[in-house]
Amino acid sequence: MDTSISAGLRTAGFPTSSDIWLELDGRKVAVVQGYTCKAGRSSYAVEAFGEEEPVATVQGPQSYTIQLTRLYATDQAIADGIDFYAMRDFSLVICKPDRKVIYSGCQWSEIQEEGRLGQMVMEKLTLVAQGRMEVAA
């Protein structure tokens, strides 16, 4: 990609595939082409005896489910014999123009591989993250 185009995308706020990766024990083990993130939170109403409507709403913990597409293991991870099926407690790092978003304590919940003759293997990895934080770039 032409660097002027790449720089333009960065200013517009679109991360590029080199800006999304998985880390395990502080090492980059895979780069990711794309992702979709879904954050959710459970909540419930607090009811009081004799009241027709709830008196409060209590928020529960947040959950993060992320689907990654097209993972490519780094050369070092391949040399180390990385096994995506055995990975536990890893992080997803997404670099944006002004900050990094880090999903930590990740566990995979689903791995999908699709192979066709003459084409690259398409992999999808669905993960659940324990936490999310943003840090300045």
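Let me start with one pair of residues: Ile 20 stands opposite Ile 94, and Ile 94 belongs to strand 4. Before I go further, please keep in mind that what we are looking at is a predicted model.

That pair is part of a wider pairing, since strand 1, which covers residues 20-24, and strand 4 run antiparallel to each other and are joined over 4 bridges. On strand 5 there is another antiparallel arrangement, in which 5 bridges join that strand to strand 4. The connection between strand 4 and strand 5 is a hairpin that passes through 3 residues, and among the bridge partners I would point out Cys 95, which is matched with Lys 100 in strand 5.

How many of the residues of strand 4 are buried? The count is 6 of 6, and the strand can therefore be described as mostly covered. If you look at the directions of the side chains, Phe 90, Leu 92 and Ile 94 point one way, while Ser 91, Val 93 and Cys 95 point the other way, and all of these are buried.

Let me take Ser 91 as an example from this strand, which spans residues 90-95. Ser 91 has a relative accessibility of 18%, and because the limit for buried is under 20%, Ser 91 counts as buried. Apart from residues up to four places away in sequence, Ser 91 touches Trp 21, Leu 22 and Glu 23, and also Ile 102, Tyr 103, Ser 104 and Cys 106. One of those contacts, Trp 21, has a further neighbour to mention, as Lys 28 lies over the face of its ring at 4.3 Å from the ring centre.

Now to the aromatic residues, where the structure holds 2 aromatic pairs. In one of them, the ring centres of Tyr 64 and Tyr 103 are 5.7 Å apart and the planes meet at 65°, so this pair is edge-to-face. Tyr 64 sits in strand 3, residues 56-73, and Tyr 103 in strand 5, residues 99-114, so the pair ties together parts that are 39 residues apart in sequence. Both of these tyrosines are buried.

The other pair, Tyr 85 with Trp 108, is also edge-to-face, at 6.0 Å centre to centre and with 85° between the planes. Here Tyr 85 comes from the loop between helix 2 and strand 4, whereas Trp 108 comes from strand 5, so parts that are 23 residues apart in sequence are tied together. Are these two residues buried or partly exposed? Tyr 85 is partly exposed at 42% relative accessibility, and Trp 108 is likewise partly exposed, with a relative accessible area of 28%.

Trp 108 comes up again when we turn to Thr 126, which is placed in strand 6, residues 122-129. Thr 126 is buried, with a relative accessible area of 12%. Leaving aside neighbours within four places in sequence, Thr 126 is in contact with Thr 65, Ile 66 and Gln 67, and also with Gln 107, Trp 108, Ser 109 and Glu 110.

Last, the cysteines, for which a search of the whole structure finds 0 disulfides. Why is Cys 37 without such a bond? The closest cysteine sulfur, in Cys 106, is 9.7 Å away from the sulfur of Cys 37, which is too far for a bond. Cys 37 is partly exposed, with a relative accessible area of 31%, while Cys 95 is buried, with a value of 15%.

Note on methods:
Residues numbered from 1 in each chain as written. Predicted model: local features only at pLDDT ≥ 70, side-chain atom pairs only at ≥ 80, totals over all residues. Heavy atoms only, no water. Helix = DSSP H or I, 4+ residues; strand = E, 2+ residues; numbered from the N terminus. Buried < 20%, exposed > 50% of the residue type's maximum accessible area, 1.4 Å probe, protein only. Contact = heavy atoms within 4.5 Å. Phe/Tyr/Trp six-rings, centres within 6.5 Å; stacked < 30°, edge-to-face > 60°. Lys NZ or Arg CZ within 6 Å of the ring centre and 35° of its normal. Pairing = 2+ DSSP bridges. Disulfide = S-S within 2.5 Å.
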